[in-house]
Every structure is written in C-alpha cells, then in structure tokens.
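User: Please take a close look at one part of this model for me. Start with the overall picture, then zoom in and show me what surrounds that part.

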Amino acid sequence: MSGQGAVESGSGRESEHDQPVDFDFQGILTQIEADVRPQIGTGQIAAYIPALACVDPSSFGMAIADLDGKVYGVGDWQQPFSTQSITKVFALALALAQGGDDLWEKVGREPSGNPFNSLVQLEYENGIPRNPFINAGALVVTDRLQTLTGDASSELLDFVRQESGNPDVSFDPEVATSESDNGDRNAALAYFMASYGNIANPIPALLDHYFWQCSIEMNCGDLALATRFLANHGLRADGTRLLPRRLAKQINAVMLTCGTYDAAGEFAYRVGLPGKSGVGGGIVAVVPGVCTLCVWSPGLDPQGNSVAGTAALDRFTTLTGLSVF
C-alpha cells in the first residue's frame, strides 16, 4: 500500500451554522486501516465489466476532506480507480442546479428494494424509476443533463475536475468501451422508459454519455474533495453556490436512503451517513457541516457495495461519533 499524508486545496467553508471540530483524522484513518485489514480482499470484484476484472482485490485506500479543503489519506488513497455509480451524485447535483427540482416529476425518491439494474418496477410504475441512483433513475438524470447542457458527460467531467482541483481527472476509454459492449440491460431500461415518454434524447447518444460518465477515474482524495459541496450546504470549492441549502439537503437525504441500492437500510444502520457506492469498489460519504470521505476497496458484497469500504465507514462513525443520528 502507498504512504499516507495530507494535501491542501481551496476553501469554501460556510461557518455560520457549522461547529468547529478537532479530530486527529490522520490518526483515525491509520486506526481504521488496521481494524479493517482482515476484510480487505474479501467479496467479489465486478468482473461482469471486463475492464474492472483485473483490479487488485487487496487494494484499500481512504481519504477525508474537511470543509477547508485539507485532505488526509491512508493506504492507496492516491490510486485512481473507476468511479462508476458514484458519478450519479454529481450528475444529480448538476441537473438540479441547472434545471431545478421539477426533475423529481421524472424520477422518484424512494428506495427500490431491488438490484440496481432491475427492470421489475418500471412497468407497473409507468416508466418512472424509484430513485436517481439505480441505473434507470441515473439514465433519466443524465438525459435531463444532456437536454440542459448538450454534452452531459463533458459537463460532469469539468465539474469534478474543478471541485477536486485536479485537471488530470479523465475518462477511461477502456472502461467506457467495456460498459458499452456489455450494456444491453441499460439499453433495455432506457428504451422501456422512452416508451412511457420519460426519455427526451436519442437512446444511443444517451447511453454513450452515461457510459463515459461511469468511466471517470478518480482517487479517494479527488472524490472526497469533489463531494465537499454536499458537506458545505451547496457551496462549491471556490465559495460560489452550486445549490441552495434545501437541494443539498435533498441530495444527502436520497443518498442516505438510496445510495447503496438494496442495502441502503443496512448501510444507514451501520454507518449512519449519506453515502453513494460504485461497483468499482468506491464509496463516498458526507458528514454535513464537517467533512466528506471516500473509501476504496474493490471486493463487493452481493448488493454491489465494497465490503471493506463499508466496514471502514462503520469504524469511522464509531470512533468519531460523527453521524447524522
């Protein structure tokens, strides 16, 4: 595993409602890494996406970004990995920021109780997906962002580059191609929703943007920084406002109830934070008013969430007492 350290980024703290905290985040991360070591390498890698099948299952990294932009990291926290569904958070934020919350007329806010790529509920719910973090809901969000911007995937890439302060964040063409070559289920979801009038753009173009969006590579530090606007009540890294507080609150709420698919209840029970996972093995989590976290370990549980990553976030809230409950 790589070394640990801290780096600085921009600030954007909204302090009138946030209480100062004084935690030894570096020491806490070191403790967490030791505590979860027996679980690192357990679970299954997402081999159904061939480009992800060769990832080292023993990888583990974790980073914390505070509201002032200071980043603490441990393990492989500077190793880029495939963000996959974590990018759904950023797409949702951009769609709400640019198009307003009438987006919720096209996608719900309820847990699905089904796998993230399920078609089951769409027929009897008239093509309206349960939430924006299952694949069907994310396709609706990307469709809306495409309508608003004309180039959804590039808009999202520009956003995470700016918020992370890392201009080298990029797409992974191999992963995007792999997603496209194995994307029949996503195509079925998109065409089915289009039959109900819930997709506005041509399906091939929508799928292309969606697959490129999911292929973005970032490391734990990048992702912790890029998610910081949700801990900072909608403020971006440069201090400008992306979202009003109520919309930042809404995204955090939906992350808590829907961000880890049909394991969201278990995640809320164990971790007690808004979180969003991806089948690349990453999970981001938000402590509103305090910090953001990202953990990466590619071994997944049956619901598609990182085994060691969930355990690490569980240890974080246990050691610090920082949760929304």
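Analyst: Let's start from the outside: this is a predicted model, and its protein chain has an accessible surface of about 12,200 Å². Carbon and sulfur atoms account for 49% of that surface. Now for the inside: 58% of the chain's 325 residues are buried. A compact globule with 325 residues would have a radius of gyration near 20 Å, and the 18 Å found for this chain agrees with that. If you'd rather picture a box, the C-alpha trace spans about 55 × 45 × 35 Å along its principal axes.

What's the chain built from? It has 13 helices and 8 strands. There's plenty of long-distance touching too: take the contacts between residues at least 6 apart in sequence, and 72% of them join residues at least 24 apart.

The part I'd zoom in on is helix H8, which covers residues 203–214. H8 has 12 residues and reaches 16 Å from its first C-alpha to its last, close to the 16 Å expected at 1.5 Å a residue. Which of its residues are buried? They are Ile203, Leu206, Leu207, His209, Tyr210, Phe211, Gln213 and Cys214. Here's a handy rule for reading a list like that: an α-helix has 3.6 residues a turn, so residues three or four places apart point the same way.

And what do those buried residues pack against? The partners are strand E4 (81–82) and five helices: H2 (87–99), H4 (135–149), H5 (152–164), H6 (173–181) and H7 (184–195). Let's walk around some of those neighbours.

Take helix H6 first, where you'll find alanine 176. With a relative accessible area of 5%, alanine 176 is buried. Apart from its neighbours within four places in sequence, alanine 176 is in contact with Phe211, Trp212 and Ser215. One of those, Phe211, is on the list of buried H8 residues, so here you can see one piece of the H6 packing up close. For a sense of scale, the C-alpha atoms of alanine 176 and glutamine 303 are separated by 22 Å, and the two are 127 residues apart along the chain.

Next, go to strand E4 and helix H2, both of them packing partners of H8. The loop between E4 and H2 holds glutamine 84. Its backbone is worth a glance: phi of glutamine 84 is near 50°, a positive value in a residue other than glycine. Glutamine 84 counts as buried because its relative accessibility is 3%. A second residue to look at for its phi is asparagine 126, in the loop between helix H3 (120–124) and H4. There phi is near 55°, again a positive value in a residue other than glycine.

On the other side of H3 along the chain, leucine 119 sits in the loop between H2 and H3. Is leucine 119 buried or partly exposed? At 30% relative accessibility, leucine 119 counts as partly exposed. Not counting residues up to four places away in sequence, leucine 119 touches Arg185, Ala188 and Leu189. Leucine 119 and glutamine 303 are 184 residues apart along the chain, yet their C-alpha atoms are separated by 16 Å.

Helix H5 (152–164), another partner of H8, leads us to a polar link. The side chain of glutamate 163 makes a polar contact with the side chain of arginine 236, at 2.7 Å. Arginine 236 itself lies in the loop between helix H10 (228–231) and helix H11 (245–258). Arginine 236 has a relative accessible area of 16%, so it counts as buried.

Last, the cysteines. We've already met the buried Cys214 in H8, so how many disulfides are there in the whole structure? The search finds 0. Cysteine 220 shows why a neighbour isn't enough: its closest cysteine sulfur, in cysteine 294, is 4.0 Å away, too far for a bond. For cysteine 291, which is in no disulfide either, the nearest cysteine sulfur is that of cysteine 294, 12 Å away. Cysteine 220 is buried at 0% relative accessibility, and cysteine 291 is buried at 0% as well.

Terms used:
Residues numbered from 1 in each chain as written. Predicted model: local features only at pLDDT ≥ 70, side-chain atom pairs only at ≥ 80, totals over all residues. Heavy atoms only, no water. Helix = DSSP H or I, 4+ residues; strand = E, 2+ residues; numbered from the N terminus. Buried < 20%, exposed > 50% of the residue type's maximum accessible area, 1.4 Å probe, protein only. Polar contact = N/O pair within 3.5 Å; in protein donor to acceptor, adjacent residues only side chain to side chain. Disulfide = S-S within 2.5 Å. Expected span 1.5 Å × (residues − 1). Contact = heavy atoms within 4.5 Å. Rg over C-alpha atoms; globule rule 2.2 N^0.38 Å. Areas by Shrake-Rupley, 256 points an atom, 1.4 Å probe, with all protein chains shown as cover.
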